[in-house]
Amino acid sequence: MPEGDTVFRTAQHLDQALAGRPLTVSDVRVPKYASVDLVGETVEGVVSRGKHLLTRVGDYSIHTHLKMEGSWHIYRHGTRWRRPAYLARIVLENTEWVTVGFELGLVEVIEREREDDVVGYLGPDLLGADWNPDEAVRRLAVKGDREIDVALLDQSNLAGLGNVYANELCFLRGILPHRPVAEVRDLPGVVALAHRLILANRDRVERTTTGDLRPGRQTWVYGRDGQPCRRCGTRIRRGSLGANELSQRVTYWCPVCQG
């Protein structure tokens, strides 16, 4: 599941393949931007902002978001793609590499000066050079009546957490996911642990919150409904939180360890 650590690594890999090289192919397979032609323009770099990617090319930024299903692939010329071509939403090439964005949840081409219009609302980036834990705590505290799980997923509070981290954080801090933020005793501790967890997983594909990389041992509660809690043996429960059906997210918790 793409979360901030996945997006950070994706940005690094794309930057290594594209930065400093002019584009030989610029194929945006989104009707609104189908006429965009950036061939000949040099890619300045690719950066992540929370779960967002910005590929800076000349005077423009290609803003993409993986959402749930998206991914970027990098190929040598002549290498067969690992996914069907009809799933590609954008193709960027230079003389050395072919980069393909498959099933991206968002693709748009904007003027560089408009980047704040699309990512300016985000809270402090957990993996950004300008990470500001105090500001993240302040933003969370302002929304004291919201469930802590929902607040952690709100990218305007802090950018980079997805459902896996939010559920695991609640377990590790002994907090029920539906507890209001105002009733969480140590918000700075929650934010500090969020930063440590995502930083620890930033440079590896296998994400773990338990410290165990073996399959089936990587999480405490996420995806483990009905299974025994690794600490107390109580069956993990599953539910959902969110303002409406479209925004609801699945939650997992131990009723004893988080009670």
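## Pairing and the β1-β6-β7-β5 sheet

Two strands count as paired if DSSP finds at least two bridges between them. In this predicted model, strand β6 (residues 88-93) and strand β7 (residues 97-102) are joined by 5 bridges. The two run antiparallel. Within this pair, E93 faces V98 of β7. Helix α1 packs on the sheet here, with contacts to β5, β6 and β7. The direction of α1 makes about 30° with that of β5.

Where do β6 and β7 sit in their sheet? The order is β1-β6-β7-β5, so β6 follows β1 and β7 precedes β5. The sheet is open, has 4 strands and pairs in antiparallel fashion. Its edges are β1 (25-28) and β5 (71-76). Each edge strand pairs on one side only. On average, neighbouring strands in this sheet are turned by 15° against each other, direction ignored.

Strands of a sheet pair through backbone hydrogen bonds, and the pairing can be parallel or antiparallel.

## The β2-β3-β4-β8 sheet

Another open sheet also has 4 strands, in the order β2-β3-β4-β8. Its pairing is antiparallel. The edge positions belong to β2 (43-49) and β8 (106-111), each with pairing on one side only. Here the average turn between neighbouring strands is 20°, direction ignored.

Strand β4 (residues 60-65) is linked to β8 by 6 bridges. The two strands are antiparallel. At one point along them, Y60 stands opposite E111 of β8.

## Helix α1 and the annotated domain

Which strands of this second sheet does α1 lie across? Helix α1 spans residues 4-18 and lies across β2 and β3 (52-57). Its direction is at about 175° to that of β2. On the sheet described earlier, α1 touches β5, β6 and β7.

UniProt, in an unreviewed entry, places the feature "domain: Formamidopyrimidine-DNA glycosylase catalytic" at residues 2-128. Over that stretch the chain is 16% helix and 37% strand. The C-alpha atoms at its two ends are 17 Å apart.

## The cavity

How many cavities of 30 Å³ or more does the whole structure hold? The search finds 1. The largest cavity has a volume of about 30 Å³.

Its lining includes G4 and F8, together with S48 and G50. D125, L126 and L127 also contribute, as do A159, G160 and I198. By class, this lining has 5 nonpolar, 4 polar and 1 charged residues.

## The second largest pocket

The second largest pocket holds about 150 Å³ of space. V164 lines it, along with R207, T208 and T209. G216, R217, Q218 and T219 are also in the lining. Y222, R224 and R230 complete the list.

What is the class make-up of this lining? It has 2 nonpolar, 5 polar and 4 charged residues. Arginines R207, R217, R224 and R230 are among the lining residues.

Technical notes: Residues numbered from 1 in each chain as written. Predicted model: local features only at pLDDT ≥ 70, side-chain atom pairs only at ≥ 80, totals over all residues. Heavy atoms only, no water. UniProt positions renumbered as here; feature names shortened; annotations may be inferred. 1 Å grid on protein atoms, 1.4 Å probe; cavity = no way out; pocket = protein on both sides within 12 Å on 5 of 7 lines; lining within 4 Å. Points joined across faces, edges and corners; volume = space filled by probe spheres on them. Nonpolar A, V, L, I, M, F, W, Y, C, P; charged D, E, K, R; others polar. Axes fitted to C-alpha atoms, helices over the stretch in contact; angles between N-to-C directions. Contact = heavy atoms within 4.5 Å.
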